[in-house]
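Visitor: I have a few minutes and a new model open. Can you walk me through it?

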Amino acid sequence: MEFIIHNLNELPEVAKDIFANLRYKLITFEGEMGAGKTTFIKEFVKTLGTSDEVSSPTFSIVNEYDTDNGKVYHFDFYRLNHEDEALDFGIEEYLYSNHYCLMEWPNKIANFIPEEHHVITIKNIDGARHLNFK
């Protein structure tokens, strides 16, 4: 599925469409710095039904949210220097927890991501965000 987002007001509908088409609870987010990964994740977690404040886990690496649809783990692996660092905080436990795992910069832990997951790629093209969901 591909979405072209011209305005942030369109994000709630895109998040609902993606949620309705999920087969897996593991979702990787790819895109350059500033592409809108965290912005979309904030809206997606709202769609799952949370009253928590959703923020970037850049310094904590993982944030946890309670939603109407269960726990959500939001990862930002940007600061990892080596994928083995993810083992230190128990990445495998998170990935096999049967909770939603939303992962920014997944290339940093590529060898640990299970085969069955979705990929969302976000690109800024001519002032619009192009979001591809697989």
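Visitor: Is Ile-27 buried or exposed?
Guide: Buried, because its relative accessibility is 0%. Keep in mind that this is a predicted model.

Visitor: Where does Ile-27 sit?
Guide: In strand E2, which covers residues 26–30.

Visitor: What does Ile-27 touch, leaving out residues up to four places away in sequence?
Guide: Leu-22, Phe-44, Cys-101, Leu-102, Met-103, His-118 and Ile-120.

Visitor: And how far is Ile-27 from Glu-83?
Guide: In space, 18 Å between the C-alpha atoms. In sequence, they are 56 residues apart.

Visitor: OK, the sheet. What's the strand order?
Guide: E1-E7-E6-E2-E5-E4-E3. That is an open sheet of 7 strands, and the pairing is mixed.

Visitor: Which strands stand at the edges?
Guide: E1 (2–5) and E3 (62–67). Each has a single partner strand, so one side of each has no neighbour in the sheet.

Visitor: How much twist from one strand to the next?
Guide: The average is 20°.

Visitor: In which sense do E1 and E7 pair?
Guide: Antiparallel, over 4 bridges. E7 runs through residues 128–133. Within that strand, His-130 stands opposite Ile-4.

Visitor: What does H1 touch on the sheet?
Guide: H1 packs on it and touches E1, E5, E6 and E7. The direction of H1 makes about 170° with that of E1.

Visitor: And which strands does H2 touch?
Guide: E2, E3, E4 (70–76), E5, E6 and E7. H2 packs on the sheet too, and its direction makes about 170° with that of E5.

Visitor: Now the two helices against each other. What numbers describe a packed pair?
Guide: The angle between the axes and the distance between them. For H1 (residues 11–20) and H2 (residues 37–48), the axes come within 9 Å and cross at roughly 65°.

Visitor: Is that crossing of H1 and H2 left-handed or right-handed?
Guide: Right-handed.

Visitor: Which residues make the contact?
Guide: From H1, they are Leu-11, Pro-12, Val-14, Ala-15, Lys-16, Ile-18 and Phe-19. From H2, they are Thr-39, Phe-40, Glu-43, Phe-44, Thr-47 and Leu-48.

Visitor: How do the residues of that contact divide by type?
Guide: There are 9 nonpolar, 2 polar and 2 charged residues where H1 meets H2. One name comes back here: Phe-44 belongs to the H2 side of the contact, and Phe-44 also touches Ile-27.

Visitor: Switching to charges. How many salt bridges does the structure hold?
Guide: It holds 2. In general, side chains of opposite charge can pair when their charged atoms come close.

Visitor: What are the partners and the distances?
Guide: Glu-64 bridges to Lys-71, with the closest N and O atoms 2.9 Å apart. Asp-66 also bridges to Lys-71, at 3.1 Å between the closest N and O atoms. The shared partner joins Glu-64, Asp-66 and Lys-71 into one network.

Visitor: How accessible is Glu-64? Same question for Asp-66 and Lys-71.
Guide: Glu-64 has a relative accessible area of 45%, so it counts as partly exposed. Asp-66 is partly exposed at 47%. Lys-71 is partly exposed as well, at 26%.

Visitor: Backbone check next. Which residue in the loop between H4 and E5 should I look at?
Guide: Asn-98. The loop runs between helix H4 (91–95) and strand E5 (100–104). Asn-98 has a positive phi of about 65° and is not a glycine.

Visitor: Is Asn-98 buried or exposed?
Guide: Exposed, because its relative accessible area is 58%.

Visitor: What about the phi of Trp-105?
Guide: Positive, about 60°, and Trp-105 is not a glycine either. Trp-105 lies in the loop between E5 and strand E6 (118–125).

Visitor: Why does Trp-105 count as buried?
Guide: Because its relative accessibility is 18%, and buried means under 20%.

Visitor: Last one. Where does Ser-60 lie?
Guide: In the loop between H2 and E3. Ser-60 is partly exposed, with a relative accessible area of 43%.

Visitor: How far is Ser-60 from Arg-79?
Guide: They are 9.7 Å apart, C-alpha to C-alpha, and 19 residues apart in sequence.

How values were computed: Residues are numbered from 1 along each chain as its sequence is written. This is a predicted model: local features need pLDDT of at least 70, side-chain atom pairs count only at pLDDT 80 or more; totals for chains, interfaces and linings use all residues. Side-chain values use heavy atoms; hydrogens and water are left out. Axes are lines fitted to C-alpha atoms, for helices over the stretch in contact, and angles run from 0 to 180 degrees between N-to-C directions. Helices (H or I, at least four residues) and strands (E, at least two) are DSSP runs, numbered from the N terminus. A crossing is left-handed if the near helix is turned anticlockwise from the far one by less than a right angle, and right-handed if clockwise. Contact means heavy atoms within 4.5 Å. Ala, Val, Leu, Ile, Met, Phe, Trp, Tyr, Cys and Pro count as nonpolar, Asp, Glu, Lys and Arg as charged, and the others, Gly among them, as polar. Buried means under 20% relative accessible area, exposed over 50%, partly exposed in between (1.4 Å probe, protein chains only). A salt bridge is a side-chain nitrogen of Lys or Arg within 4 Å of a carboxyl oxygen of Asp or Glu. Two strands pair if DSSP finds at least two bridges between them.
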